[in-house]
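Hi,

Here is the structure we talked about, ready for you to open. Have a look at it first, then read on for my notes.

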Amino acid sequence: MKTLFLCPPSFDGFDGGAGSRYQARREIRSFWYPTWMAQPAALVPGSKLMDCPPHDIDLKACLAEAQNYDHVIIHTSTPSLKNDAKVAEAIKSQKPKTVIGFVGAHAATLPEETLKTVTAADWVGHKEFDYTCQEVAAGRPLAEVNGLSYRQEGKIVATPERELIEDMDALPWVTDVYKRDLQVEKYSVGYLKEPYLSFYTGRGCPAQCIFCLWPQTIGGHRYRVRSPESVAAELAHAKKLFPQVQEFFFDDDTFTANLPRARAIAEKIKPLGLTWSCSSRANVNYETLKVMKDCGLRVLMVGYESGNAEILKRIKKGITIEQAKQFTKHCHDLGIVIHGTFVLGLPIETKETIEETIRYAMDLDLFSLQVSLAAPYPGTELFELARQNGWYAKGDQKDMLFADGTQQCALEYPGLSKEEIFQSVEKFYHRYYFRARPILRIVKTMLEDKDICVRRLREGYEFFKFMAQRKSDMAG
Ligand code: SF4
């Protein structure tokens, strides 16, 4: 079947791509690559990947393109499901013979519920869906394809589970699909140079963080990896395909989960002379950091989450505050830039723990940071805990986003309302950035490079506009 892999039009600026831990509209316009969809697209000859939000493709243009296909596979998420269901209905009503599949963490966790919600969907993929998509696209009957749920005579039937992929090198490269179907200039993340390009070198994360979406739904807790040779070869290929790319990002859940391998990849890619960055836990030793820095590493994206030791234990972060401080000092000493991520509203947040986290972040003195609201996605331990303990905000529909796509607070705790948690995000940003050191750091980068100067001014404008929008969303 001629197959279209589709990230449908959604909220303005909706970032639901592969590296998106929180599918929402961001403080500044930001898009991760749709790597989860590019991978099966690379397995299906003659297919196309259409990533609507970053390319500003509206519903009309999306429907016009979908007419040309027999099979449309839609990537969905918990916050965008209702919207994606409407897109699927529109595709089906304009061409009823179109076979429609739904994939993504939400579909993988709740396949039956997803099929009930999305009446236009014919099948829903479980867990890793790469080879499932390939087999359905090849025309194999749904009943004979492992790892999906489908409709049969008015009932929903699940086929046997599919094993997680072990031979990661057997997967074709996604960068050829990027070249064919995406404009790299449309992708941007605030702390990476523009344009950037990202892909995976492995899937899964051994850590057990209870709020984290991907390892608990699709990727699993075993880090399944590609060989350093394969990673270096794809990077060399990408360098030729995209000479304009300024920075490459390894979008693995935790690239540093296997330190000898991280060092081996760094050494293999050093001769390419590229600037690269990756995700990391705050527990990498100095020697490894030094090797990576010497081989072109620029930025580490690090999940610190909270400055309260008890919360870190409850969320099973597996890293202490002391370890994180030591790691951060090593990065500062080596000149590695850190983009830190924090989450407010994790169990059991109080006014005091929020204050502790803000002070902790200021003490760490990171180059940049991102503050998110805890999002209890189905399939995560946080989702279950929230249900069992009654942490869902009263009268809430469990919506994670406002109508314009910005994150809203779904949880609250005794003595701390969802409004207070919501407002503390803005307080966090203000307290952190409106100090001499961060301002001087940003001004320095602006003075050094005219393009950066223009970019930061644009981002500043977007940030303040976003914050004003959040306030009006909250006011209702
Ligand atoms: S270390 Fe990062 S990727 Fe791994 S489970 Fe924790 S938050 Fe998720």
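Before anything else, a word on labels: helices and strands here are DSSP runs, H or I over at least four residues for a helix and E over at least two for a strand, numbered from the N terminus. With that in hand, Val 343 can be placed in strand E16. One caution before you go further: this is a predicted model.

**Overall picture**

The protein has 19 helices and 17 strands. Its radius of gyration is 22 Å, close to the 23 Å that the globule rule gives for 476 residues, so the protein is as compact as a globular protein of that length. If you want a feel for the dimensions, the C-alpha trace spans about 65 × 55 × 40 Å along its principal axes. Of the 476 residues, 49% count as buried. As for contacts between residues at least 6 apart in sequence, 71% of them join residues at least 24 apart.

**Two domains and what sits between them**

The domain assignment splits the protein into domain 1 (3–158) and domain 2 (192–434). Their C-alpha centres are 26 Å apart. Domain 1 puts 22 residues into the contact and domain 2 puts in 19. On the domain 1 side, strand E3 (24–25) and helix H5 (105–109) are the elements that give two or more residues, and H5 has the largest share, with four. By type, that side of domain 1 comes out as eleven nonpolar, six polar and five charged residues.

The largest nonpolar core has 128 residues. Inside this core, the residues with the most contacts are Val 72, Ala 88, Ala 121, Leu 344 and Ala 374. Strand E15 (residues 297–305) supplies the largest share of the core, six residues. Where does the core lie relative to the two domains? Domain 1 (3–158) and domain 2 (192–434) both give residues to it, so the core lies between them.

**A few residues to click on**

Start with Ala 374. Leaving aside neighbours within four places in sequence, Ala 374 is in contact with Phe 211, Val 343, Leu 344, Gly 345, Leu 346, Leu 382 and Leu 411.

Val 343 is on that list, so to speak a good next stop: Val 343 is buried, with 26 other C-beta atoms within 10 Å. Not counting residues up to four places away in sequence, Val 343 touches Phe 211, Glu 305, Ser 306, Ser 372 and Ala 374. Leu 182, on the other hand, is 161 residues from Val 343 in sequence and 31 Å from it in space, C-alpha to C-alpha.

Phe 14 lies in strand E2 (residues 14–15). Is Phe 14 buried or exposed? It has 26 C-beta neighbours inside 10 Å, and the cut-off for buried is 20 or more, so Phe 14 counts as buried. Leaving out neighbours within four places in sequence, the contacts of Phe 14 are Arg 25, Pro 53, Ser 80 and Gly 405. Phe 14 and Thr 406 are 392 residues apart in sequence, with 8.5 Å between their C-alpha atoms.

**Around the ligand**

Which residues surround the ligand? They are Cys 205, Ala 207, Cys 209, Cys 212, Pro 215, Asp 253, Thr 254, Arg 281 and Gly 303. This shell divides into five nonpolar, two polar and two charged residues.

**Backbone details**

There are two cis peptide bonds to show you. One runs from Glu 194 to Pro 195, with omega near -15°; Pro 195 is in the loop between helix H8 (175–181) and strand E10 (196–199). Another joins Pro 347 and Ile 348, where omega is about -10°. Ile 348 lies in the loop between strand E16 (337–344) and helix H15 (351–364).

Asp 56 has phi near 55°, a positive value in a residue other than glycine. You will find Asp 56 in the loop between helix H2 (52–55) and helix H3 (59–66), and it is exposed, with 11 other C-beta atoms within 10 Å. Asp 365 also has phi near 55°. The loop between H15 and strand E17 (368–373) holds Asp 365, which is partly exposed, with 15 other C-beta atoms within 10 Å.

Cheers

Methods. Residues numbered from 1 in each chain as written. Predicted model: local features only at pLDDT ≥ 70, side-chain atom pairs only at ≥ 80, totals over all residues. Near = placed C-beta within 6 Å. Nonpolar A, V, L, I, M, F, W, Y, C, P; charged D, E, K, R; others polar. Domains from an automatic or database assignment. Contact = placed C-beta atoms within 7 Å. Core = buried A, V, L, I, M, F, W, Y, C linked by C-beta atoms within 7 Å. Buried ≥ 20, exposed ≤ 12 C-beta atoms within 10 Å, placed from the backbone. Rg over C-alpha atoms; globule rule 2.2 N^0.38 Å.
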